[in-house]
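Reader: I'd like a close look at one part of this structure, the surroundings of the ligand. Could you walk me through that spot, and then carry on to whatever else is worth seeing?

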Amino acid sequence: MYSLVYGFYKHMVQKDEFCVLILGLDNAGKTTYLEAAKTKLTKNYSGIHPTKITTTVGLNIGKVDVAGIRLNFWDLGGQNELQSLWDKYYEESHAIIYIVDSSDRERMDESKDIFDKMIASENLKGIPLLVLANKQDIPECMGVREVKPIFNKNSHLIGKRDCMVMPISALTGDGVDEGIRWLVDCIKRNAYLRPPRNQEEM
Ligand SMILES: Nc1nc2c(ncn2[C@@H]2O[C@H](COP(=O)(O)OP(=O)(O)O)[C@@H](O)[C@H]2O)c(=O)[nH]1
Ligand SMILES: [Mg+2]
């Protein structure tokens, strides 16, 4: 009897869990974005003030329940020496958010190189991809019209996956939840290829 009740309980409360990697160069705004996402989508979560966020060493994790599923965000450090670790997480991930600092024209090529290397990975084939042109609150930044063609250039690598480039400001929160809602739809559509993580295995 206990196991029956427990099974029913689990069925009712357990959410499908998906893992979303947040990637991009250091200083792109990944940690600020994760905080903004948690603040926007979690009731009663007031977040860390953006000025208190320090450089990420290793990994930040955040979870958000949205539209009936649970997203586990993995904000991986973007410094050179950490980029080689990204690959280890690809197999486990259900979606990628790639963050670009739109105000940093000098590092745009560097960001694009790393992006190309990432999407060429076999382990990410078909995985939904959201590219965020961040820091749109900075007046002289590159707009999404300028950023989009750069990241759409290698469409053969992007392949048949869902892919979108969106303007946001992680600092003000503008555009943050729209992007996540789009991604959630894609993740659900793609779940036959990448099923949710089984909690029993955790
Ligand atoms: N103006 C502006 N600054 C931002 C935005 N997002 C992040 N930043 C700033 O960019 C710097 C790096 O952000 P952080 O989240 O630590 O980047 P990470 O290294 O990718 O995790 C910090 O000073 C942030 O306050 C944004 O949308 N607008
Ligand atoms: Mg960080």
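Author: Sure, let's start with helix 2, residues 30-41, which gives the most to the shell around ligand 1, with 3 residues. Keep in mind as we go that this is a predicted model.

The shell around ligand 1 has 17 residues, and those that come nearest are Asn27, Lys30, Thr31, Thr32 and Asp137. By type, the shell residues divide into 6 nonpolar, 7 polar and 4 charged.

Now for the oxygen atoms of the ligand. Lys30 has a polar side-chain atom 2.8 Å from an oxygen atom of ligand 1. For Thr31, a polar side-chain atom also sits 2.8 Å from an oxygen atom of ligand 1. Asn134 joins in too, with a polar side-chain atom 3.1 Å from a ligand oxygen. As for cover, ligand 1 has 580 Å² of accessible area on its own, and the protein covers 81% of that.

Next, the empty space. Rolling a probe the size of a water molecule over the atoms shows where empty space is left. Here the structure holds 1 cavity of 30 Å³ or more, and the largest cavity has a volume of about 80 Å³. Asn27, which you met among the residues that come nearest to ligand 1, is also part of the lining of this cavity. Leu25, Asp26 and Ala28 line the cavity as well, and so do Ile99, Val100, Asp101, Asp104, Arg107, Met108 and Ser111. Sorted by type, that lining has 5 nonpolar, 2 polar and 4 charged residues.

Which elements does the lining draw on? Strand 4 (95-101) and helix 4 (108-119) each supply at least two residues, and strand 4 has the largest share of the lining, 3 residues.

Strand 4 and helix 4 turn up again if you look at the aromatic rings. A search of the whole structure finds 4 aromatic pairs. In one of them, the ring centres of Tyr98 and Phe115 are 5.2 Å apart and the planes are at 65°, so the pair counts as edge-to-face. This pair links distant parts of the chain, with Tyr98 in strand 4 and Phe115 in helix 4, 17 residues apart.

Definitions and conventions. Residues numbered from 1 in each chain as written. Chains lettered and ligands numbered in written order. Predicted model: local features only at pLDDT ≥ 70, side-chain atom pairs only at ≥ 80, totals over all residues. Heavy atoms only, no water. Near = heavy atom within 4 Å. Polar contact = N/O pair within 3.5 Å; in protein donor to acceptor, adjacent residues only side chain to side chain. Areas by Shrake-Rupley, 256 points an atom, 1.4 Å probe, with all protein chains shown as cover. Helix = DSSP H or I, 4+ residues; strand = E, 2+ residues; numbered from the N terminus. Nonpolar A, V, L, I, M, F, W, Y, C, P; charged D, E, K, R; others polar. 1 Å grid on protein atoms, 1.4 Å probe; cavity = no way out; pocket = protein on both sides within 12 Å on 5 of 7 lines; lining within 4 Å. Points joined across faces, edges and corners; volume = space filled by probe spheres on them. Phe/Tyr/Trp six-rings, centres within 6.5 Å; stacked < 30°, edge-to-face > 60°.
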